[in-house]
Amino acid sequence: MTFTLAVCAEMVYTDLPLIERIERIHAGGFAVEIWDWTTKDAAELRATGAAFTSMTGYVTGDLITGDGADDLLCTAEQSIPFAQAIRCPSLNLHGTGLGEGGLPLRPIEVVTADMWLAAERTLSCIAELGERHGVTFVLENLNTEVDHPGTPFARAADTLALVAAVDSPHLKMNLDLYHAQIGEGISSS
């Protein structure tokens, strides 16, 4: 198994324009992760020479409501041409859409059995979409303690359970170790 080390261009060198951040990350020998593709130009990103490992693979929607699932599937399909244009192999998903400051647009305090089943159905459709277009979607765990309170399916075990239930090579887990440590890790005190 090999690993590619990537740096999120949205989180570092924030005093610089995005393209300069990407160029610095690339010059340091790292691949690049980006978030909202709708605010970016694919040709400009490609011109940096950087390798892009991950980008947000949807614009709106969620895994658990009818309208939210429809939005997620629609905007996930819209994300694919951009990912292909920058040769990005992984399109990142979350349990719900994230808004300002990374807060969930539809916070959920208790995830019900019906929500689990709805999420599995939505992710099965996402995997089929990935298969049709030759891309891989990844479901990311997030921490609810500090950064994303109210995000459903945020714990690593929940994310892994959903990915395993779908059982498709076009849906994988994006194990975010920062979020796992913040939300589930061992305290330093």
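**Order of elements.** I read along the sequence and noted that the protein follows the pattern β-α-β-α-β-α-β-α-β-α-β-α, and I wrote down six helices and six strands as its secondary structure. I keep in mind throughout that this is a predicted model.

**Overall dimensions.** I looked up the radius of gyration next: a compact globule with 189 residues would have a value near 16 Å, and the protein has 16 Å, so the two agree. Along the principal axes, I found that the C-alpha trace spans about 50 × 45 × 35 Å.

**Inside and surface.** I noted that buried residues make up 46% of the 189 residues. Among contacts with a separation of 6 or more, I found that 67% are accounted for by residues 24 or more positions apart. For the surface, I recorded an exposed area of about 9,900 Å², of which carbon and sulfur atoms supply 55%. I also looked up the charged side chains, which come to 10 positive and 26 negative, with the centres of the two sets lying 6 Å apart.

**Helix 4.** I then turned to helix 4, which runs over residues 113–133 and has 21 residues. From its first C-alpha to its last, helix 4 reaches 31 Å, close to the 30 Å expected at 1.5 Å a residue. Which residues of helix 4 are buried? I listed Met-115, Ala-118, Ala-119, Thr-122, Leu-123, Ile-126, Ala-127, Leu-129 and Gly-130. Beside this list I put a general reminder: an α-helix has 3.6 residues a turn, so residues three or four places apart point the same way. As for what covers these buried residues, I found that the cover includes helix 3 (66–85) and helix 5 (156–166), together with strand 4 (90–93), strand 5 (136–140) and strand 6 (171–174). After helix 4 comes Gly-134, and I noted that its phi is positive, near 70°.

**Ser-90.** Strand 4, one of the elements in that cover, holds Ser-90. Is Ser-90 buried or exposed? I count Ser-90 as buried, because its relative accessibility is 18%, which is under the 20% cut-off. Leaving aside residues up to four places away in sequence, I found that Ser-90 touches Thr-53, Ser-54, Met-55, Thr-136 and Val-138.

**Glu-23.** My last entry concerns Glu-23, which I located in helix 1 (residues 18–27). Glu-23 counts as partly exposed because its relative accessibility is 40%. I also looked up its distance to Ala-47, and noted that Glu-23 and Ala-47 are 24 residues apart in sequence and 9.7 Å apart in space, C-alpha to C-alpha.

Technical notes
Residues are numbered from 1 along each chain as its sequence is written. This is a predicted model: local features need pLDDT of at least 70, side-chain atom pairs count only at pLDDT 80 or more; totals for chains, interfaces and linings use all residues. Side-chain values use heavy atoms; hydrogens and water are left out. Helices (H or I, at least four residues) and strands (E, at least two) are DSSP runs, numbered from the N terminus. The radius of gyration is taken over C-alpha atoms; the globule rule is 2.2 Å times the number of residues to the power 0.38. Buried means under 20% relative accessible area, exposed over 50%, partly exposed in between (1.4 Å probe, protein chains only). Contact means heavy atoms within 4.5 Å. Accessible areas come from the Shrake-Rupley method with a 1.4 Å probe; for residues, only the protein chains shown count as cover. Lys and Arg count as positive and Asp and Glu as negative; His and the chain ends are not counted. The place of a charge is taken as NZ of Lys, CZ of Arg, CG of Asp or CD of Glu. The expected span of a helix is 1.5 Å times one less than its number of residues.
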